[in-house]
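The following report walks through one protein structure, moving from its charged pairs to its interior. Please keep the sequence and the model in view while reading.

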Amino acid sequence: MSLYRTIIPKYTFIPYDFPTSRDGKYHCLLDDGQILRSRREQLGLSVYQVAEMAGIQFSQYQRLESGERFFSGCSMKIGLSVCAVLLLDPFEFFDVNVKQPKPDIMMPHEVFDGLQDEMPRPKKVGRKPIRRDIMTVYFNHPSFSIIIPREVLVALGKPAYIQMMWNLNEKRLLLHVIDSDAEQAFDIPPHLYDSCTALAFPRAAIFSELKEGLGWDTELYAAECRIVYDKTNELFILCDLNTAQKSEKIVGPFAIPTCIDDGMDDDEILDEDGEENEEL
């Protein structure tokens, strides 16, 4: 899983000075591969070391340095990784010369979990865009309060246990990966990832209050959810119940946490501060 993160490592780059004659009157003209080799030798690194530090195969880097493959034609990730290891500024190396817009014209992001009538609606032009950052969680099934599709749990890294935290005021549900010995840890049966379509929770006391607050009837609802990070860099799935819309029937088979079958009441859902809701 590859995600853009707001925490980006700080890298140091050193301008590349082409080799000169003894009197400094002439500079040696080098191609991309020769520049890579020259800087590698300046740093006292072997080809194996550069490849290992850049996280690529030895043969990949060897082809770049030998000129068998043009450096400008490699993937952005490989190019940036090699430049970082060799302290080469990628903008200087690739001779990027573009006009940038002024930073002060950039507007802040809209909140992604705002109420629907407050969210800007893009004009419908052409084909409907595919939003890969948005997934779906289902609520108010005739037999289950919450149904979490397998793809949502896969996005969390196929956890063995999750914790659910709610916020009634914000109409929000958070899913969080947790250890087996933590309180209110719901287990995910291993067969879910092989033969089931979703993890399903039988109806709980907390859901009755959520349903009443949202004004839902007896039909099935689908709400948007996304991968988010909090200020401590913890990973969550955030379900925004404000986006809930009536949905078509979702087909099983469903897996149910065994801890519920063993006597754990699935209304034991925490609030966002990690405290159990004693009012329900």
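A polar contact is a pair of N or O atoms within 3.5 Å, where within protein one atom must be able to donate a hydrogen and the other to accept it, and where residues adjacent in sequence count only if both atoms are side-chain atoms. The side chain of D240 makes such a contact with the side chain of N242, at 3.1 Å. This is a predicted model, in which local features need pLDDT of at least 70 and side-chain atom pairs count only at pLDDT 80 or more, while totals for chains, interfaces and linings use all residues. Residues are numbered from 1 along each chain as its sequence is written, and side-chain values use heavy atoms, with hydrogens and water left out.

**Overall make-up**

Helices (H or I, at least four residues) and strands (E, at least two) are DSSP runs, numbered from the N terminus. The secondary structure of the protein comes to nine helices and ten strands. A residue is called buried when its relative accessible area is under 20%, exposed when it is over 50%, and partly exposed in between, using a 1.4 Å probe and protein chains only. Of the 280 residues in the protein, 39% are buried. A contact means heavy atoms within 4.5 Å, and among the contacts with a separation of 6 or more, 67% join residues that are 24 or more positions apart.

D240, introduced above, is found in strand 8 and is buried, with a relative accessible area of 5%. The C-alpha atoms of D240 and E170 are separated by 8.4 Å, although the two residues are 70 residues apart along the chain.

**Charged pairs**

Side chains of opposite charge can pair when their charged atoms come close. A salt bridge is counted here when a side-chain nitrogen of Lys or Arg lies within 4 Å of a carboxyl oxygen of Asp or Glu. By this rule there are four salt bridges, and the table sets out some of them.

| Pair | N to O distance |
|---|---|
| E41 and R37 | 3.1 Å |
| R40 and E65 | 2.7 Å |
| E219 and K246 | 3.1 Å |

E41 and R37 both lie in helix 1 (residues 32-43), four residues apart, which is about one turn of the helix. E41 is partly exposed at 47% relative accessibility, and R37 is partly exposed with a relative accessible area of 47%. For the next pair, R40 lies in helix 1 and E65 in helix 3 (residues 58-66), so the salt bridge ties together parts that are 25 residues apart in sequence. Both R40 and E65 are buried.

E219 and K246 meet in a salt bridge as well. E219 lies in the loop between helix 8 (205-214) and strand 7 (221-229), and K246 lies in strand 8 (residues 235-246), so this pair ties together parts that are 27 residues apart in sequence. E219 is partly exposed, with a relative accessible area of 38%, and K246 is also partly exposed, at 47% relative accessibility.

**Helix 3 and its surroundings**

Which residues of helix 3 are buried? They are Y61, L64 and E65. Seen down the axis of helix 3, these buried residues fall within an arc of 95°, so they line one face of the helix; the arc is that of the directions from the helix axis to the C-beta atoms. What covers them includes helix 1, helix 2 (47-54) and helix 4 (76-85). Just after helix 3, G67 takes a positive phi of about 85°.

**The nonpolar interior**

A nonpolar core is a set of buried Ala, Val, Leu, Ile, Met, Phe, Trp, Tyr and Cys residues joined through side-chain atoms within 4.5 Å. The largest such core has 34 residues, and those with the most contacts inside it are F139, I148, L199 and F201. Strand 8 provides the largest share of this core, namely five residues. Leaving aside residues up to four places away in sequence, I148 touches V137, L153, I162, M164, L175, A198, L199 and F201. A second, separate core of 21 residues includes Y61, I78, V82 and C83.

**A residue before helix 1**

P15 lies in the segment before helix 1 and counts as exposed, at 53% relative accessibility. When residues up to four places away in sequence are not counted, P15 touches R39 and E92. P15 and E92 are 77 residues apart in sequence, and their C-alpha atoms are 7.9 Å apart in space.
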